[in-house]
Structure formats: structure tokens, C-alpha cells
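Work through the exercises below with the structure open. Try each task before reading its solution.

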Amino acid sequence: MDARAEIDTARMLARGGDVMAAVSRLRAAAESAADPSPFLFEIGNIAKSVGLFEEAYQAFRAVLEHRPQSIEAATNLANTVVALGAYDSAAAILANVKQVAPSHPLVDGSICDLMLAAGRVEDAAACYEDLTARHPTFGPGHANRAEALAKLGRDEEALESLDEAARINPDDGRIVLNRAFSKLALGRLEDGFQDYEARLSPDLPTSPIRRNLKAARWTGETSLDGPLLVVAEQGLGDELRFAALLPALARLVPTLAIECDPRLVDLLSRSIPGATVVGFSRRKDGRRPVFDYRDLPFQPAAWIEAGSLPLMLRAFNPTSLCQPGFLRPDPAQVSGLRQQLSHGDPRSRLVGLVWGSGAADPSRARFYPELGEWRPVLNTPGIRFVDLQYIPSDEDRAILSGFMDGEIANPAGVDKRHDLSAAAALAAALDAVVGVSSSVTALAGAVGTPTLEVVPERIWVPSMQDRQAWLGDIRTVFPDRPGDWPVAMVQAAEHLKRIAEV
């Protein structure tokens with residue numbers, strides 16, 4: 001058996017959206033091989049890259065049974081355990097490996113990565129500083145140092161580290177993508193969105209695959225013999241952010257078609273008159289979205305990804321292209337919800353609250369504060385809070401209500417997860433929204449409701465003239481020290497006081 005050929009074939013299958021076929025092929029090869037370690041190691045790499053961490057854990061453990069001295073397998077096992085949120089277990093693994101390889105860059109880098117994942121950002125930045133000084137040609141050290149520096153708001157230094165990482169590993173699309181985020185955070189929009197194209201690299205486990213889409217990718221021409229199809233690629237929050245450019249695009253091309261989450265079809269059809277809006281046919285292969293256009297009811301003349309619209313339209317001054325509150329929910333539904341929540345009192349200041357998300361995996365946990373951290377916000381006088389959670393919230397809402405004088409309202413008859421037209425109407429019925437960064441706050445900004453996102457650290461979405469990218473009045477509050485929720489919540493409460501006084 002040609003092990004190299006088998007592994008290359010498995011990698012091609014995984015890049016093509018067939019992760020399970022790749023894993024099955026490698027597993028079969030491992031069972032028939034005298035030394036199954038290379039195949040097991042590749043199973044671990046593929047599974048880890050697409051977020052199948054339990055599968056990756058088992059694979060790297062199996063490698064170590066055959067090759068107990070493998071530094072690569074041990075560090076990958078530790079990194080997988082970090083992804084599962086078991087930081088103490090990962091630290092124990094790395095401590096043991098450190099005894100075997102006291103100055104190996106993979107081991108030292110994994111120790112820094114653990115600090116970063118655990119929220120010890122300043123310690124991680126210092127750790128990476130030492131790592132890159134001792135191992136200056138270790139590209140991941142520079143790349144991950146940049147991530148820590150970006151979280152600390154040190155974006156110029158982060159860019160320097162990313163440039164060095166790109167010099168060492170010029171073909172690594174992850175480095176270019178992270179460089180895009182730092183540039184965007186600095187407001188360097190043209191360069192940032194140029195680098196953002198790296199998200200489409202097929203080597204990235206999150207890049208989309210499109211099947212049965214025969215038209216050419218759009219190059220900017222406005223004379224098209226047929227509709228221009230804007231295709232989806234990201235999660236719901238990013239769909240909403242990039243959709244803010246659709247009204248401007250509709251004015252440029254003769255016919256516009258939009259692919260989106262099926263839950264957005266009615267809302268976008270109302271908001272972009274004349275556009276053809278279709279729900280996507282999408283499956284997930286690990287973290288990679290696979291879109292199929294076999295049943296598309298029309299043939300587009302060209303297509304473009306929603307995330308590439310800022311670059312294609314040169315949307316580097318959003319006030320000239322994007323109207324705040326571009327989504328238009330049903331006015332009658334908005335009025336009815338406002339009446340229901342205010343109990344007929346026009347003086348009520350209604351503020352939506354979102355404190356969690358359905359994407360609560362360990363890597364996202366730091367973005368969601370403990371419920372008790374919300375006390376300063378909840379005790380803002382003159383405000384009646386409304387539950388905007390789209391996941392089960394009765395238990396949390398009861399706890400949060402105990403921190404305030406009154407109760408958090410939960411509007412009856414609104415399916416906030418599946419009926420996004422109703423969720424948009426609810427957001428539009430409010431005077432403001434405050435919450436963690438999520439699709440809920442993106443939806444609120446998209447309908448034009450003043451929105452405050454409370455985050456534990458700097459995020460990449462660029463802020464321009466007090467607007468977060470192209471949505472409506474979204475402002476982001478974050479502390480100088482990453483993870484300092486008390487400071488962020490006090491800042492958020494101060495913003496809400498001004499809203500209450502209007």
C-alpha cells in the first residue's frame with residue numbers, strides 16, 4: 001500500500017466536502033497496515049480541522065499507543081483537549097511532553113495556545129514573545145502571537161507578526177485571513193477586504209463548496225444577460241451584516257437574485273423589492289458548508305459570495321452605500337408587538353436582552369458572561385427588558401429577573417428561532433437592544449434599532465462612524481483588559497441610561 005497516496009486521496013476527499021468518506025478510507029487503511037500510525041494521525045488532523053474533536057481525540061490517543069514518543073501526536077492531542085474545554089487535562093498532557101522535549105517549538109507553542117484559549121491573553125502574549133524569540137522560524141508562533149495581540153487591541157504589532165508568519169509560511173490561508181481581521185479592526189478596509197478573500201481558500205476547513213453552479217464568478221460588470229446571484233457562505237449573523245450591501249447592489253445590476261438562509265426569504269423579499277430570493281440548499285461537512293444548486297429555479301448569469309461584496313463594491317465608506325435599518329419587517333406586526341409589550345403606555349422604554357447563543361461550544365464560551373455579570377445593566381432605571389433569546393430561556397430569565405426590580409418580559413406567540421420575520425418585527429418594536437454579539441444583535445441592527453453589543457475583547461468587525469460595518473446603529477462595548485466583564489457591563493449600563501433618558 002502506498003501510504004502517501006492514500007493520505008493524499010483522503011485529503012482531497014475532505015477538501016471536496018466528504019470528510020466521512022476520507023475518514024472511512026483512512027480507517028480501512030489503518031486496519032490493514034503494519035503500522036497504522038500515519039493513517040490514524042491523518043484521521044486526527046482531518047477530524048480536528050472540521051471540529052470533530054471527539055473523533056480527533058480518539059485518533060491521536062491511538063497514535064500514541066503505537067508511538068508513545070511522538071511529539072506531534074501528543075501536542076495535537078493536547079490541542080484537541082483544549083478545543084473540548086478541558087484545560088487542566090491539556091496542561092497535564094503538555095507538562096508530561098515538556099519533560100520529554102523541553103525546548104520543542106510545538107510543545108512550547110501548545111502551552112501558549114492553552115493560555116490563550118483559557119482567556120489568559122496577556123500571559124499568552126508574553127509566552128508567544130518568548131517562543132518567537134527562541135524559535136524565530138516557527139511560523140505558528142508568530143501567527144498565534146498576532147491573535148493574542150489583536151485581542152489586546154495591539155493591532156499594528158499583530159500585523160507585524162502576521163507579516164512575519166506569512167513570510168515563513170506564504171501558502172497558509174489562515175495567516176492571510178487573520179491579517180484581514182487585524183486590518184479591518186484598524187479601519188484599513190480596502191487592504192482588509194482584499195485579504196479577506198483568503199477565507200475562500202480550499203485548504204481552509206471552513207471554506208464553502210458549491211456544486212452544480214455553472215455560471216462564472218462575477219467580476220464587477222453591470223451589463224449581465226440574466227440575474228446576478230449573491231450566494232451565502234457564512235453563519236446567520238454574517239449573512240445579515242453583508243446583506244446590508246444588497247440594496248446598493250440592486251441599483252447597479254439589471255436583475256438581482258439572493259441566496260440566503262430559508263428563514264430570511266420573506267424578510268429579504270420585503271426589504272429588496274424586485275429581487276428574487278431563494279433559500280439555500282446546504283449541508284455541513286464538519287465545519288465546511290456544502291451548497292448544491294441542482295434545483296435552483298433559474299440560471300444566473302454570474303454569481304458572487306456575499307462576503308466579497310464589500311471588495312467588489314468598494315464599500316470602504318459605508319455611509320455612501322448603506323442605509324441604516326435596511327431590513328423592513330411588517331409594520332402591522334411591529335405595531336402589535338409594541339402595543340403588547342408596552343401595555344399601551346407610550347412612555348415605556350423597551351430594551352431587548354440577549355445573554356447567550358446556540359453556539360456555546362468551549363471556543364465560544366468566553367463571549368458569554370455569567371448571568372450575575374448582567375446586574376449593572378439590569379438595574380438601569382426606567383427600562384423594561386424583553387427576552388430575545390432564541391434558545392430555551394425560562395430558567396435563565398428567572399435568575400436574571402431576581403437581579404432586578406421587576407421581570408423580563410417574554411412576548412407570547414413569537415418563534416424567535418425559526419420565524420425570523422417575527423423576530424425582526426420584535427426587534428423593530430423595541431427602543432434598543434443590548435446583548436452579546438450574535439445573530440440576534442445583528443438582526444436588531446439590520447432593522448435599525450439602536451443596539452449595544454457587549455463583548456469581552458476587541459472583535460474584527462470594523463467600526464465606522466459609530467456604526468459596526470454596514471448595519472444600523474450598532475455599538476460595541478469591550479474592556480481594555482480582555483475578559484473584564486464587570487468593566488464592560490458598567491460601560492453598557494451607562495449607554496443604556498442615556499437611552500432611558502431620551
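**Exercise 1.** Decide whether helix α9 is largely enclosed by the rest of the structure or not.

*Solution.* The model is a predicted one. Step 1: a residue is buried if its relative accessible area is under 20%. Step 2: list the residues of α9 that are buried, namely Gly139, Gly141, His142, Ala143, Arg145, Ala146, Ala148, Leu149, Ala150 and Lys151. Step 3: 10 of the 13 residues of α9 are buried, so the helix is largely enclosed by the rest of the structure. Step 4: the surroundings of these buried residues are α7 (105–117), α8 (121–134), α10 and α11 (173–185), against which they pack.

**Exercise 2.** Check the length of α9 against the span that its 13 residues should have.

*Solution.* Step 1: at 1.5 Å a residue, α9 should span 18 Å. Step 2: the C-alpha atoms at its ends are 19 Å apart, which agrees with that span.

**Exercise 3.** How do α9 and α10 run relative to each other, roughly parallel or roughly antiparallel?

*Solution.* Step 1: the axes of α9 (residues 139–151) and α10 (residues 155–168) cross at roughly 160° and come within 8 Å. Step 2: angles over 145 degrees count as roughly antiparallel, which makes α9 roughly antiparallel to α10. Step 3: the crossing of α9 past α10 is left-handed.

**Exercise 4.** Which residues make the contact between α9 and α10, and of what classes are they?

*Solution.* Step 1: α9 contributes Gly139, His142, Ala143, Arg145, Ala146, Leu149 and Ala150. Step 2: α10 contributes Asp155, Glu157, Ala158, Ser161, Leu162, Glu164, Ala165 and Ile168. Step 3: sorted by class, the contact has 8 nonpolar, 3 polar and 4 charged residues.

Terms used: Residues are numbered from 1 along each chain as its sequence is written. This is a predicted model: local features need pLDDT of at least 70, side-chain atom pairs count only at pLDDT 80 or more; totals for chains, interfaces and linings use all residues. Side-chain values use heavy atoms; hydrogens and water are left out. Axes are lines fitted to C-alpha atoms, for helices over the stretch in contact, and angles run from 0 to 180 degrees between N-to-C directions. Helices (H or I, at least four residues) and strands (E, at least two) are DSSP runs, numbered from the N terminus. Angles under 35 degrees count as roughly parallel, over 145 as roughly antiparallel, 65 to 115 as roughly perpendicular and the rest as oblique. A crossing is left-handed if the near helix is turned anticlockwise from the far one by less than a right angle, and right-handed if clockwise. Contact means heavy atoms within 4.5 Å. Ala, Val, Leu, Ile, Met, Phe, Trp, Tyr, Cys and Pro count as nonpolar, Asp, Glu, Lys and Arg as charged, and the others, Gly among them, as polar. The expected span of a helix is 1.5 Å times one less than its number of residues. Buried means under 20% relative accessible area, exposed over 50%, partly exposed in between (1.4 Å probe, protein chains only).
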